Number of protein chains: 2
Amino acid sequence: MGVVVTGLTIKEVSEKYDIPSETLRYYERVGIIPPVTRTPGGIRDYSDEDIAWVENAKCMRAAGLPIEALIEYLKLFREGDSTFQARLDLLSEQRELLLERQKQLNETINRLNYKISKYESAVKTGKLIWD
Amino acid sequence: MGVVVTGLTIKEVSEKYDIPSETLRYYERVGIIPPVTRTPGGIRDYSDEDIAWVENAKCMRAAGLPIEALIEYLKLFREGDSTFQARLDLLSEQRELLLERQKQLNETINRLNYKISKYESAVKTGKLIWD
DNA sequence: TATTGACTTTGAGTTAACTCAAAGTTGTAT
DNA sequence: ATACAACTTTGAGTTAACTCAAAGTCAATA
């Protein structure tokens, strides 16, 4: 692979995006990325489009979107233009969930900031005020 | 329970904080909250302090701090004033992780915002530009 | 053309964090 | 005092998302 113009091997994608090959195959198997382009021998040969799906999966999973939602999104995508509204709904719902999570995260970070400031004094004075 | 001045039963705490009783017992068993005050009969009778620990556990878990870290924190807490620095380190490390997660979350929300705006046009025009 | 290393599939195993079940105990309402 | 719900403990089961293993296939090199 490399004699003619091709995409990337699974190993190259794995290294570029720091996702184990096993996980890339898993993503394809369960359907959060479409079936990847193959060489005549049946070996995965990721096209730019394939890679865009990988990138998308990585980003969405990193934020905690469930596999289920990503499967549903790809399914709708492959059903074509009649599913614009359904895809919009799905993405909106997931955004709502992320916004809630963001709020919760902020709360906890604030709480941690507070505790940390207390411990910073405590380390200096030897006495912990509150908590 | 209620004839004399007491704390809350596990059921009351469960309902107040929307945490299943099973999970409250689990938290105590693994050590992310200290052993709860008991009635002479051995039944849990949550004091204000106990409840503060529950609240803390709920907040930290909601943000995704691992049980392991919370167990370690409580362990240090119970070892006394000699562990201020260790507790500070632990909390700082966890805050770092949350800040990273926050960054990732923002990225993904932005990406979703972008996609959603595309789909909003698509639903109106019947044509999806990009993606 | 034979070896070697990366690839393939299918299916089982792992991990974190619960969640439930079984069997026994407690306390409150009649 | 007796029934009955709510409690207890111990230990097993569940879920999501990987992660690994086994056994076979392919392709670049000597």
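This report describes the interface, the nonpolar core and selected salt bridges of a predicted two-chain model.

## Basis of the model

Because the model is predicted, local features need pLDDT of at least 70 and side-chain atom pairs count only at pLDDT 80 or more, whereas totals for chains, interfaces and linings use all residues. Residues are numbered from 1 along each chain as its sequence is written, chains are lettered from A in the order in which they are written, and side-chain values use heavy atoms, without hydrogens or water.

## Interface of chains A and B

In chain A, 41 residues are in contact with 41 residues of chain B (contact means heavy atoms within 4.5 Å). The area buried between the two chains is about 3,700 Å², with 71% given by carbon and sulfur atoms; this is the accessible area (1.4 Å probe) that two parts lose on being put together, summed over both. On the chain A side, A:Phe84, A:Leu105 and A:Tyr119 lose the most area to chain B, together 17% of what that side buries.

The rule finds zero salt bridges across this interface. Helices H3 (48–62), H4 (67–79) and H5 (84–125) of chain A each give two or more residues to the side that touches chain B, and H5(A) gives the most, with 26 residues. Helices here are DSSP runs (H or I, at least four residues), numbered from the N terminus.

## Nonpolar core

The largest nonpolar core has 66 residues, and A:Ile33, A:Tyr46, A:Val54, B:Ile33, B:Tyr46 and B:Val54 have the most contacts inside it. Such a core is a set of buried Ala, Val, Leu, Ile, Met, Phe, Trp, Tyr and Cys residues joined through side-chain atoms within 4.5 Å. Beyond its neighbours within four places in sequence, B:Ile33 is in contact with residues including B:Leu24, B:Trp53 and B:Leu74.

## Salt bridges

Over all chains, the search finds eight salt bridges (a side-chain nitrogen of Lys or Arg within 4 Å of a carboxyl oxygen of Asp or Glu). One of them joins A:Glu28 and A:Arg44 at 2.6 Å, N to O. A:Glu28 lies in helix H2 and A:Arg44 in the loop between H2 and H3 of chain A, so the pair ties together parts that are 16 residues apart in sequence. A:Glu28 is buried at 12% relative accessible area, as is A:Arg44 at 17%; buried means under 20%, exposed over 50% and partly exposed in between (1.4 Å probe, protein chains only).

In chain B, B:Glu79 and B:Lys75 form a salt bridge with the closest N and O atoms 3.2 Å apart. These residues are four apart in helix H4 (residues 67–79) of chain B, and therefore about one helical turn separates them. B:Glu79 is partly exposed at 45%, and B:Lys75 is partly exposed at 44%.
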